[in-house]
Protein chains: 2
Amino acid sequence: MATKIEEEPRRGPGRPRSFDRKAALQRALHLFWERGYEGTSFDDLIATMRLSPSSFYNSFGSKEQLYREAVEAYLATSGELFRGVLSEETDTKSAFRNLLEAAAREFSSADHPSGCMISLAGTHVAPSLAGLRATMTGHRRNAQEAMAARLRKGIEEGDVSAATDVDALAAYYSALSRGLAVQARDGATLDRLLQIVSIAMNAWPVSP
Amino acid sequence: MATKIEEEPRRGPGRPRSFDRKAALQRALHLFWERGYEGTSFDDLIATMRLSPSSFYNSFGSKEQLYREAVEAYLATSGELFRGVLSEETDTKSAFRNLLEAAAREFSSADHPSGCMISLAGTHVAPSLAGLRATMTGHRRNAQEAMAARLRKGIEEGDVSAATDVDALAAYYSALSRGLAVQARDGATLDRLLQIVSIAMNAWPVSP
DNA sequence: CTATTTTTGTCGCCATCGCTCCAAAACCTC
DNA sequence: GAGGTTTTGGAGCGATGGCGACAAAAATAG
């Protein structure tokens, strides 16, 4: 995880902040989620966050820093949800089914922009954003590695064959969840996403 | 397909064009493929295409028109390759396996940028690019519909069960190929992509 | 109260972006 | 050649993008 973000209202000298930092961040998060980094302008941001440029700059540093913070906030909510589902006490195959179904629901939820904020972000960008691209690739790798770890746990617990190519299988489910994000973005309904998940689970290796 | 693009050198009055239009378009295509629409600036384009702004504007109209033309050129090569594989004379399951393996090879080829120019394009963009987004969504739908059509042909020919939910299965393989594009973009090797394809084919419905 | 610290509002800035204009150049037809 | 048509080179331009400067405002510390 990243550096600790200030959460409690600061006590001490200085003029107090006049806006809700979390709420402003959340609004920025939704804007980035919907439009991507390059598709979101500074003016869009401060208008949506209801901040002056100086408050923005003072509190969030820069557009890129804000984006990184928004991504961390996304990981702390949606990401945490997925991690929670994957680590529930159940057999490995059910854990993956639950994970993909949770993704299907989350990606098509009406509470926020459709799709995933991470899955497709920073894949095709200007050279000046190479750092951001690498960061997003890293987040995707982390998610895939979490899947691989769950599969290895399955091997230890005996409900996944020891012969399973864990990294390949994790890559498969990782790829599929990226595909779900594209489908959601293109307007697929929850039912359609769940159908895809159902089919995808048929690829699960035969029981040991 | 789009409107017919001029291919033969124009005969008639006027100063002749001093550059190879196809080659310039191809260079632009690769730049867009690598960096996306928003990540590619006008100056980048004319430098890579080796054109003056006036030649650019005179010959390609605008950045957005050029992008659309580049997408059409992409569809005429990579897209045609995929369509060709899918329409080869073989059983339906093999056709899909061949399609995905072709995608794996194409997405990881060293001859051009990794991944796919269509799969992830225009998913998170500024509102001003809503038209472009809709166009790209349309291209993705077309690809998925081509898969559905091949499945329906399989039902007619008897090697796909008539009970198969064709649209759902097409959506599954479509989603998977989008995921392959993300994986390729994030540096996955051809071997890894082929492993994913191999696993994905296990989801194929049991024979009729 | 004064001193200090932090946030805020306003104005403006400099680079980039995506063109656009115009005159000169290079071809064709007659 | 004259006239017409298209392309080219180069200069520049209006809008936007992402900040930054600065002084006033609002808090605490002593």
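# Notebook: the protein surface at the two DNA strands

I opened with the make-up of the surface near DNA strand C: nine nonpolar residues, 11 polar and six charged. Note to self: this is a predicted model, and what I write down below is computed from its atoms or, where I say so, taken from a record.

**Strand C, who sits there.** I looked up which residues come nearest. Of the 26 around DNA strand C, the nearest are A:Ser18, A:Ser54, B:Phe42, B:Tyr57 and B:Lys63, so I have names from both chains on my list. I then asked which part of the strand faces the protein. Sugar or phosphate holds 68% of the strand C atoms within 4 Å of the protein, and bases hold the rest.

**Strand C, polar pairs.** I went through three pairs here. A:Gly14 puts a backbone N or O atom 3.2 Å from a base oxygen of DNA strand C. A:Arg15 does this with a backbone N or O atom too, at 3.0 Å from a base oxygen of that strand. For A:Arg15 I noted that the atom is a backbone one. From chain B, I found a polar side-chain atom of B:Tyr57 at 2.8 Å from a phosphate oxygen of DNA strand C. Next I checked which elements give two or more residues to this surface: they are α3 (53-60) of chain A and α3 (53-60) of chain B. Which one gives the most? It is α3(A), with four residues.

**Strand D, who sits there.** I repeated the lookup on the other strand. DNA strand D is surrounded by 26 residues, and the closest are A:Phe42, A:Tyr57, A:Lys63, B:Ser18 and B:Ser54. Of the strand D atoms that come within 4 Å of the protein, 68% are sugar and phosphate. By class I get nine nonpolar, 11 polar and six charged residues for the surface near DNA strand D.

**Strand D, polar pairs.** A backbone N or O atom of B:Gly14 is 3.3 Å from a base oxygen of DNA strand D. For B:Arg15, I noted a polar backbone atom 3.0 Å from a base oxygen of DNA strand D. I also picked up B:Asn58, with an N or O atom of its side chain 3.0 Å from a phosphate oxygen of DNA strand D. As for elements, α3 of chain A and α3 of chain B each supply at least two residues of this surface. The largest share, four residues, comes from α3(B).

**The annotated domain.** I looked in UniProt for what is recorded at this end of chain A. The unreviewed entry places "domain: HTH tetR-type" at residues 18-78 of chain A. In the model, that span is 77% helix and 0% strand, and its end C-alpha atoms lie 28 Å apart.

**Chain A as a whole.** I counted elements next: chain A has eight helices and zero strands. The C-alpha trace of chain A spans about 65 × 40 × 35 Å along its principal axes. Of its 208 residues, 50% count as buried. I also checked contacts in chain A with a separation of 6 or more, and 64% of them join residues 24 or more positions apart. The accessible surface of chain A is about 10,000 Å², with 51% of that on carbon and sulfur atoms.

**A:Arg35.** I stopped at this one in helix α1 (residues 21-35) of chain A. Buried or exposed? A:Arg35 counts as buried, because its relative accessibility is 18%, and the cut-off for buried is under 20%. Its side chain makes a polar contact with the side chain of A:Asp44, at 3.0 Å. Leaving out residues up to four places away in sequence, I listed what A:Arg35 touches: A:Thr40 and A:Asp44 in chain A, then B:His124, B:Val125, B:Ala126 and B:Pro127 in chain B.

**The two Arg50s.** Last, I checked backbone angles. Most residues other than glycine have a negative phi. A:Arg50 has a positive phi, near 60°, and lies in the loop between α2 (42-49) and α3 of chain A. B:Arg50 has a positive phi as well, near 55°, and its place is in the loop between α2 (42-49) and α3 of chain B. I looked up accessibility for both. A:Arg50 counts as exposed because it is at 65% relative accessibility, and B:Arg50, at 65%, counts as exposed too.

Notes. Residues numbered from 1 in each chain as written. Chains lettered and ligands numbered in written order. Predicted model: local features only at pLDDT ≥ 70, side-chain atom pairs only at ≥ 80, totals over all residues. Heavy atoms only, no water. UniProt positions renumbered as here; feature names shortened; annotations may be inferred. Polar contact = N/O pair within 3.5 Å; in protein donor to acceptor, adjacent residues only side chain to side chain. Nonpolar A, V, L, I, M, F, W, Y, C, P; charged D, E, K, R; others polar. Buried < 20%, exposed > 50% of the residue type's maximum accessible area, 1.4 Å probe, protein only. Contact = heavy atoms within 4.5 Å. Areas by Shrake-Rupley, 256 points an atom, 1.4 Å probe, with all protein chains shown as cover.
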